[in-house]
Structure formats: C-alpha cells, structure tokens
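Please open the structure in your viewer and keep the sequence panel beside it. The stops below say what to select next and what is to be found there.

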Amino acid sequence: MVSDALDGKIDLIITRSVSSFARNTIDSLTTVRKLKEKGIEIYFEKENIWTLDSKGELLITIMSSLAQEESRSLSENCTWGIRKRFEEGKVKMSYDSFLGYEKDKEGNIVINEREAKIVKYIYSRYLQGIAPNTIAKELEDKQVLNVRGTIKWYGSTIKSMLQNEKYTGNAIFQKTYSTDFLSKKRKVNNGEVPKYYVENSHSSIITKEQFELVQEEFEKRGNLKNKNINKSVFANKVICGDCGSVYTTKTWHSTSKYKRIIFQCSNKYKNKVRCSTPHFYEEELKEIALNAINDLIKDKASIIESCNLVINQVLQTEELKVKEETLIIEVDKLSKELNQLVASNATIIQNQADYDEKYNNLYSKYSSAINKLKNLQATIQDKSLRKSKIKQFLKALQSQDKLLTEFSPKLFLSLVDKIEVYSKDNIKVVFKSEKL
C-alpha cells in the first residue's frame, strides 16, 4: 500500500490507529515523512490525527512512542505467562507436526500407538548404524504415512525426531528465545534466559537410555574424520589403522563388465605418504565379521559373566544417588542462606567488610557444593549410560545360541563397534563391550 501511494496511486491512507500502522516510532515517522514529501496524507481514526496538519508529526511521535511501550508491555506479559507455564510444568505439543502423540477428550497427552511404532523403528534403525536419509528412504519404500498423512519422509525430519527429548516423557522448554519484541527474531538459548526441564510430563515412547545412546552416536558420527555416509552395513565401521579415516566404497571398472565395488581408506591417495592399508570386497568384510562374531559366541558364557561383574560392581549408582540427594539438600540450604544474607544487607545497615567476608565465605561453600553436585551427576550419567550399553550388548549376544552360518547385518551392528585395519593379516574387530 505504501509503495502504491509513493507511486501516485493513492492520495489518502486511512488507518485505525498509530499502533496498527507500524511496529515502532522510527518506522512510523520514516513512513509518514516519505508520504508527506509526496503530498500523501494519513488519517489515524482512533487518535484523530491528520499527518499534513502542522501538529501531526509531534502527535505522531508521542503516540508512536506510547504504542511502542504498549507493545513492549504486552510482549513482556505474554513472555511472563509462557514462562510461568514452563515453571508449573505444563507441556503443550503441536500434534499436527509431532509424530507419536495425540490429545484425548480431556486434553491430556497420550501415545498414538500407530505413530509410536514408527518412532521406535526410527530409533532402532539409527542405533543399528543406519543414517537418517536411509531411514527416510526405508519408510517411503514401506509406504509408511508421516504425521501429515503422506508417504514423503526427509532425513532432516528423522534427525529432528532422534534429537527430541519429548519422546522420553520429559520436556525441555525455552531452547530458543526471542531477542526483542520488535524483530521477533529467535536465537538458540545458551544460558541467556532460563531453561526449564520437566520430568515425567507425559508417557514415554523411548527410554532415556535409548535416547542418550542415540545422542552419543550423533556425536560419534560427527567426530569421524570422513563423514561420508553410504548404505552399506559397514559404513563408518571400518577404520584405517594408518590415518584413522573411515573406509568408503569405490567403484572399479564402472563402465565395463568387470565392475566391482571395493572398500578402501577414504584418504589413501590424498596424503603425501599413502596409507599402506589394503582394500576389501564387501564379501571379505562379511567373512571377517562372521568369524569374529562366532569366536565371541564360543566364549559367550565367560563374556556374559565378565559383563555382569562390571555392571554389578563397577557401574552401580545406588550409593552415588544417595550422595546426590544429600548434596542437593546442601546446595538448597546454602542458596537460601545466601539469599537471606543479601536481603538482610539490603534492608539493615551493617558493616560492609563483615558482610563481604560472610558473603564470600558462604558463596565459596555454595560454589564448592555446586561443583561437587555437577561432577557427581556427570559420573552417575556416565555409569548409567555405560550400563545401558552393556545390557544392550548382552541382549544381542544372549539372543544368539548357535554359531552363525551366514553374515547377520543386525547382529553385526548390535555387537561390533568397529573394524580396525592395519594390514591384510592384522585386522582387529572391536566389540562394543570393549569400549565400555
């Protein structure tokens, strides 16, 4: 409309009020002055202001400033209301774009069983080593409907689902925040405003242990020197012993009848000194993995005993959780004492040197307790995660009673962490239990 007016298509603009005309004082005045230069008038009905009037610009300035402050006030009130709901643990979901949940007649969050099966499939496949883009292709091939009722899936959607903690029955609020009430631009919250973590706010589809395993897998794949993902079960599993890069596929004689696909170090010919590690055909890798897994199955009883010993003696967290509760109580007590001390200093006249000494002493104790609590919680989380991984490894191992007669991709992905290649005769298959 303003463009049309400046082009001479409009002589008079009638608008309801100053607040509905522009977001702030500067925008209002800039636009009004542009239009005045062209002899175009604006009439604000609510304030009864004509911009070509001699008093118009002064009134516009005053009214725009008031409107801007009103917008600020409304924005702050809305923000306060939203954060209040966060503090009270009230969870809301966009059901039309969030797979796995729906709202019942009472407005409660409940699991959508059909969609929950899809979520579980996605998490299971990712933990088996399958990339998000490949999982999306699998769902499309199976004609699985997404949350919007179509069969189109995207790798970015799968990745977002794999990183959403709401599937564990918990929720983190205010991951992003609005930088200001005018631009409405959002920014990732790195501690600028409070975050809220609500536990057990709704039923879980994925266990917390599964979720943590997925996040660790994300980090692991992100740290690989070569991030090229292919569709082979051996993608990112075979590591060059010379340079640490992953093996990737390469096609030999692609245009002839002798076409073959091989696995070789992705940096073999990129460095000044070539890696000496050999290439493999996929069948050779399958045979290497098959033999290693069968050796593991032969020694199954002692491995299970060793893993259970680690779980029961090394990875127990019961005593640590008791210490955690004690530290939480101590931190809460010291926090209250600090607040009382500060409040007292603000209302009662006292010797500031004595106050500073008391404050520094109390704050030192508080900081020490906080650090102990953080370290303890990190230890508990680490042990819980390692325990979960060992249990998953044991579950896969215990499911196999007989030696394998052919390569099993599912068992390979469940048991094997990586294959390290140093030479044709020096190949190390590292099982997941060895990394724990």
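## A three-stranded sheet

Begin this tour of a predicted model by selecting strands S11, S12 and S13, which form an open sheet in the order S11-S12-S13 with antiparallel pairing. The edges are S11 (247–252) and S13 (280–281), each of which pairs on one side only. Narrow the selection to S12 (residues 260–265) and S13, and two bridges will be found joining them in the antiparallel sense; Ile262 has Tyr281 in S13 as its bridge partner. Keep Tyr281 on display and add Arg260, which lies over the face of the Tyr281 ring at 3.9 Å from the ring centre. For another charge over a ring, select Lys268 and Tyr269: the charged end of Lys268 sits over the ring of Tyr269, 6.0 Å from its centre.

## The whole chain, coloured by confidence

Now zoom out to the chain, whose secondary structure comes to 13 helices and 15 strands. Buried residues account for 39% of its 436 residues, and the chain exposes about 26,600 Å², of which carbon and sulfur atoms supply 49%. Of the contacts between residues at least 6 apart in sequence, 59% join residues at least 24 apart.

Colour by pLDDT before going further: the average is 81, and 80% of the residues score at least 70. Confidence is lowest in helix H4 (residues 56–87), with a mean of 54, and highest in strand S15, at 95. Select also residues 225–230, where the pLDDT is below 50, although this stretch has 16 contacts in the model beyond near neighbours in sequence. Where pLDDT is low, the predicted coordinates should not be read in detail.

## The hairpin of S14 and S15

Move to strand S14 (residues 416–423) and strand S15 (residues 426–431), which pair in the antiparallel sense over six bridges. The two strands form a hairpin, with two residues between them. To follow the register, show Lys418, which stands opposite Val430 in S15.

## Thr15 and helix H6

Select Thr15 in strand S1 (residues 12–15). Is this residue, Thr15, buried or exposed? With a relative accessible area of 14%, Thr15 is buried, and, leaving aside residues up to four places away in sequence, Thr15 touches Ser20, Phe21, Ile42, Tyr43, Phe44 and Glu45.

Next take helix H6 (residues 132–141), which is largely enclosed by the rest of the structure because seven of its 10 residues are buried. Those to highlight are Pro132, Thr134, Ile135, Ala136, Glu138, Leu139 and Glu140. Just after H6, pause at Gln143, which takes a positive phi of about 60°.

## Aromatic rings

Display the aromatic side chains, among which the structure holds 13 pairs. Phe234 and Phe407 form a stacked pair, with 5.6 Å from centre to centre and 25° between the planes. Phe234 lies in the loop between helix H8 (208–222) and strand S10 (238–240), and Phe407 in the loop between helix H12 (352–398) and helix H13 (409–415), so the pair ties together parts that are 173 residues apart in sequence. Both Phe234 and Phe407 are buried.

Turn then to Tyr359 and Tyr363, a stacked pair with 6.0 Å between the centres and 10° between the planes. Tyr359 and Tyr363 are four residues apart in helix H12 and are therefore separated by about one helical turn. Tyr359 is partly exposed, with a relative accessible area of 28%, and Tyr363 also counts as partly exposed, at 40%. Finally, select Phe98, Tyr101, Tyr123 and Tyr167 together, as these residues form one aromatic cluster.

## Last stop: around Phe407

Return to Phe407 in the loop between H12 and H13, which counts as buried at 15% relative accessibility. Which residues does Phe407 touch, not counting residues up to four places away in sequence? The contacts of Phe407 are with Val233, Phe234, Lys286, Ala289, Leu290 and Phe412. To close, draw a distance between the C-alpha atoms of Phe407 and Glu287: these residues are 120 apart along the chain, and their C-alpha atoms are separated by 7.3 Å.

Notes:
Residues numbered from 1 in each chain as written. Heavy atoms only, no water. Pairing = 2+ DSSP bridges. Buried < 20%, exposed > 50% of the residue type's maximum accessible area, 1.4 Å probe, protein only. Contact = heavy atoms within 4.5 Å. Areas by Shrake-Rupley, 256 points an atom, 1.4 Å probe, with all protein chains shown as cover. pLDDT = per-residue confidence, 0-100. Phe/Tyr/Trp six-rings, centres within 6.5 Å; stacked < 30°, edge-to-face > 60°. Lys NZ or Arg CZ within 6 Å of the ring centre and 35° of its normal.
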